[in-house]
Amino acid sequence: MMKKVFLFFLLIISCDFIDAQSFRYEAKVDVVDSSGFYKIYLAPEINSKLKEGFIDLRLFDNEEKETPYDFAIDEIPKTNRKFIEYEIIENKLLKDSVTIITLRNKSKSKIDNISLQIKNAEVDKQIKLSGSDDRLHWYVVKEYAEFNSINNTSDVSEIKLIDFPLSNYEYYRIEINDKNSKPLNILSAGYNESITNSAPFTEISPPNIIDVDSIKTKTTWVHIPIYGSSIIDFIIINVASPKYFLRSVDEYAVSINKGRPSERVWIDASVINSAKQNKIRLPYMVDEFVLCIHNEDNPPLKISSIKCFQYNRYALAYLEKSKSYTFRFGNDSIAKPTYDLKYFQNIIPADVRIIKTQAVKKNKQPQQTPPKEPYTFFTDKKFIWVVVGLIIVFLGVITFRMLRE
């Protein structure tokens, strides 16, 4: 009896072990030519097969050792500041009076700041800024500005910013008051341009989108089924007609419950119109996304297309040159991993190289058959039938004797 109980528990443990270590899919990572941190691009083909939150994604090296990674997503636009240096066409010092610096904005770009690189000096200076397109007629841009405490503790010079209303003069003249002190040593001048790059994203094949017009309720219902397809982070609606429109939209999420009616939950309200790109964000993973467009007394919108996109997602990991790596995923019973890497974000370079994976491969799942018990005389089928027959005969004799009595 104890032996049978032991075999039973062994069966359960072995099944759990197989389930915890079994992944339905895998994708090899491109080989790297040097050791370091890499952002491994997770293609939509991979994302569509992962559990919500990507909790079943694992990275293994060629020795079958689990490799820590941190999850990254290009969801927020990145803003970089670029310093564009001006041509200084005049730097004139009037003794005990004023320093005059004339800069040329050759492209006549619209700017709202000028930065001066100045040698460190413990001094207060007053500044006036003018603008011109011909260097003959000058117009005030900023009547008064002040520099003080020009002191960079880590370098011999300091950048000082002059901000002013947006303008596009070809020439700017800076007048620095030197009546009470010696002139400043101006090394260079320029302006900071903010360049905003949209978050990288990938267009994915849209599901079978259905739109239905209701004349009675003056609405257009757009159904976007997502269940079982790739993650959709946002959609862009393109309207063929009418040419001018402005409509309010109610957004709903539909959850499909097996064996129960689907549940539709209101998410948000938005507006689409002909004057802008109509981009609608999907706040979280849903089975179906539904839009209710309120047409009022206008003709229904003729939607030409709805494009679906997902932000690029990455696994950030330290990879070694001498090793190959493989992603494994598609495991319904595995828990979210916990790695130390998330505590060391400050040591990861900002310009991490991006690499890709190869095509997704479906793994063969092992057949989970219970182990056979060893043969014994008492488990033989012939013996069992003989015992059953003897019991029937015994019961029959007893019944016959009871009936005679």
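Select D133 to begin: at 39% relative accessibility, D133 counts as partly exposed. The coordinates on screen are a predicted model.

**Stop 1: D133 and K108**

Add K108 to the selection. The side chains of D133 and K108 form a salt bridge, with 3.5 Å from N to O. D133 belongs to the loop between β9 (121-132) and β10 (139-150), while K108 belongs to the loop between β7 (98-104) and β8 (111-119); the pair links distant parts of the chain, 25 residues apart. K108 is partly exposed too, because its relative accessibility is 37% and the partly exposed range runs from 20% to 50%.

**Stop 2: D178 and K125**

Next, select D178 and K125. Their side chains meet in a salt bridge of 2.8 Å, N to O. D178 sits in the loop between β12 (171-177) and β13 (186-197) and K125 in strand β9, so the pair ties together parts that are 53 residues apart in sequence. Are these two residues buried or exposed? Both D178 and K125 are buried.

**Stop 3: K142 and D163**

Move to K142 in strand β10 and D163 in strand β11 (residues 157-167), which lie 21 residues apart and link distant parts of the chain. A salt bridge joins their side chains at 3.0 Å, N to O. K142 has a relative accessible area of 23% and is partly exposed. D163, at 42% relative accessibility, is also partly exposed.

How many salt bridges does a search of the whole structure find? The search finds 15. For a network, select E26, E64 and R328, which salt bridges link together. As background, side chains of opposite charge can pair when their charged atoms come close.

**Stop 4: N105**

Return to the loop between β7 and β8 and select N105. N105 counts as buried, because its relative accessibility is 2% and buried means under 20%. Show the polar contact here: the N105 side chain reaches the backbone oxygen of S109 at 2.9 Å. Then display what surrounds N105. Leaving aside neighbours within four places in sequence, N105 is in contact with Y86, N168, Y169, E170 and Y172.

**Stop 5: S115**

Now go to strand β8 and select S115. S115 is buried, with a relative accessible area of 0%. Which residues does S115 touch, not counting those up to four places away in sequence? They are F83, I159, K160, L161, S188, A189, G190, Y191 and N192.

**Stop 6: aromatic rings**

Show the side chains of the aromatic residues. The count comes to 14 aromatic pairs. A pair of aromatic rings is described by the distance of the centres and the angle of the planes.

Select F23 and F60. This pair is edge-to-face, with 6.2 Å centre to centre and 65° between the planes. F23 lies in the loop between α1 (2-21) and β1 (25-28), and F60 lies in strand β3 (residues 58-61); the two are 37 residues apart, and the pair links distant parts of the chain. F23 is buried at 6% relative accessible area, and F60 counts as buried at 10% relative accessibility.

Then select F234 and F309. The ring centres are 5.1 Å apart and the planes stand at 15°, so this pair is stacked. Here too the pair links distant parts of the chain: F234 in strand β17 (residues 234-241) and F309 in strand β22 (residues 302-311), 75 residues apart. F234 is buried at 1% relative accessibility, and F309 is buried with a relative accessible area of 7%.

To see a cluster of rings, select Y139, F164, Y169 and Y172, which ring pairs link together. Two of these names have come up before: Y169 and Y172 are among the contacts of N105.

**Stop 7: a nonpolar patch**

Finish at helix α3 (residues 381-404), where F394 is found. F394 is exposed, because its relative accessible area is 54% and exposed means over 50%. Add V387, I391, L395, I398 and M402 to the selection. Together with F394, these residues form a nonpolar patch on the surface, with about 570 Å² of accessible area together.

Conventions:
Residues numbered from 1 in each chain as written. Predicted model: local features only at pLDDT ≥ 70, side-chain atom pairs only at ≥ 80, totals over all residues. Heavy atoms only, no water. Patch = residues over 30% accessible without salt bridge, like charges linked within 9 Å, V, L, I, M, F, W, Y side chains within 5 Å. Areas by Shrake-Rupley, 256 points an atom, 1.4 Å probe, with all protein chains shown as cover. Salt bridge = Lys/Arg side-chain N within 4 Å of Asp/Glu carboxyl O. Helix = DSSP H or I, 4+ residues; strand = E, 2+ residues; numbered from the N terminus. Buried < 20%, exposed > 50% of the residue type's maximum accessible area, 1.4 Å probe, protein only. Polar contact = N/O pair within 3.5 Å; in protein donor to acceptor, adjacent residues only side chain to side chain. Contact = heavy atoms within 4.5 Å. Phe/Tyr/Trp six-rings, centres within 6.5 Å; stacked < 30°, edge-to-face > 60°.
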